[in-house]
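Q: Please take a close look at a single part of this model, the strands and the way they pair. One connected account will do.

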Amino acid sequence: MKKIGKDFLWGASTSAYQCEGATNIDGKGKSVQDLTLPVKDKIDFRNASHHYFHYKEDVKLMAEMGFKSYRFSISWSRIFPKGTGEINQKGVDFYNNLLNELLKYNIEPVVTVYHFDPPLDLENQGGWLNRDLMVNAFVQYSTKLFELFGDRVKYWQTINEHNMIIQVGHVIGVINPKQDNLFKKLYQINHNMLIAQALVTRKYHDMNFKGIIGPAPNISYVYAETSKPEDFDASYKANAWRNWLYLDAACLGEYNTIAWEWMVKNGYEPELREGDLEILKKGKADFIAFNYYNTSTVRASTKIGSIKFSESDQQTAYDIPGLFDLCDNKNLPKTEFGWSIDPQGFLHTMRAMWDRYRMPLMVTENGLGAYDIVEEDGSIHDQYRIDYIKAHLEQLKVAINEGIDVIGYHPWSAIDLVSTHEGIKKRYGFIHVNINDNGEGDYKRSRKDSFYWYKKVISTNGED
Ligand code: BGP
């Protein structure tokens, strides 16, 4: 019976634009997120959790919890204010300091190169649709990160939730939904990102570092609503469209055939240049970093025609005519924010990836967004968060016991930070940050109940 190994990476996760703040100082250029308002008239990403100013204190608290690793992203526009060209030394200094602080406590850095925050200058020149510009800039930026930090970082992820950028990019501020031929463009962006990712992966391998590199998509198993064969067929295809389109390219160096056929049939297939398939083959990942929050459920498609995609800010899921209709899974409880809770789905998701790719897996996000209440004495009793993580850890143990090579677990999030589209009223952290949804507060850090609980989990290597 296999158990969690002694080298297991216990930690937690954040992203630069959601926690750093300090968007206007020390030479940082603008990213699209600096102009994004997650909720109108509420706290935005410009100040976030002030991690830029509090990083020493934050790392000290992570060390107190016993973190073996910390998963965070680098802000592209802090390193290259215009996305390419001149480097910003103060940005480099910040990440050098952060890395050194982590290593001081033997915390392994797990670094995401790109987490939803393209530099505004590049976006204004067409962003990911401008293939030559963006792919070259991404390779230049990533290569610079490897040169600067590759001696200290052993775990790299290329692009956070590439599949969510394509599917719900309008919700996270990186895709304008009001444009012609949106889906044709989205799948071209997807292709350009896959090429950029493969080139960067290859580059990293050629530089002969000792570390590993992989993608960081949001992978969530899609169930069939019933045992009807046509519903199973819909779930099979939905998995291809939602999950394997991205991972087959990253891990096998190929396009998923079901997803490709669907793109061709609907006129969404991307333009491929000569040599592109070769690029995918030569830039395969070493491991899969993945984010898991919940599963989804589908039945056979009842719709024909093109995708009906509302421009509403909150729409995060839609039916795909000819592939599937989404349905509510009444068997699963939901969080206060309407996300289903499905620890067993976490196990199915890991099994599915392991069966398909046989690659080491690292959990880079998983967690519960909730309205936390600060008691008069300052304590925060977030038992719901403990219950959620505990239930998922039980399934992680089953996965390891079955022989699935899971190398680390990083719940979202280490500290409270600004949610992609809910402001800071929706919190995820083990560490509370004193700032309210109107942006008022002194950013003081404090420990939630989950902080003490997770500390115990780590110290007992998952036995708690
Ligand atoms: C993931 C993102 C994170 C994070 C998390 C929670 O999709 O990678 O950046 O924010 O989801 O989502 P939300 O903030 O919308 O609650």
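A: Helices here are DSSP runs of H or I with at least four residues and strands are runs of E with at least two, both numbered from the N terminus. The model is predicted, so to speak of local features requires pLDDT of at least 70 and side-chain atom pairs count only at pLDDT 80 or more, while totals for chains, interfaces and linings use all residues. Residues are numbered from 1 along each chain as its sequence is written, and side-chain values use heavy atoms, without hydrogens and water.

The part in question is an open sheet of eight strands, with parallel pairing (at least two DSSP bridges between two strands). Read across, the strand order is 5-4-3-2-1-11-10-7. Strand 5 (212-216) and strand 7 (288-291) are the edges, each pairing on one side only. On average, neighbouring strands are turned by 30° against each other, direction ignored; axes are lines fitted to C-alpha atoms, for helices over the stretch in contact, and angles run from 0 to 180 degrees between N-to-C directions.

Within this order, strand 1 (residues 9-13) pairs with strand 11 (residues 406-409) in the parallel sense, over two bridges. There, L9 stands opposite G408 of strand 11.

Two helices lie across strands of the sheet, contact meaning heavy atoms within 4.5 Å. Helix 4 (residues 89-104) lies across strand 2 (69-73) and strand 3 (108-114), and runs at about 170° to strand 2. Helix 12 (residues 343-357) lies across strand 7, strand 10 (361-365) and strand 11, with an angle of about 155° to strand 7.
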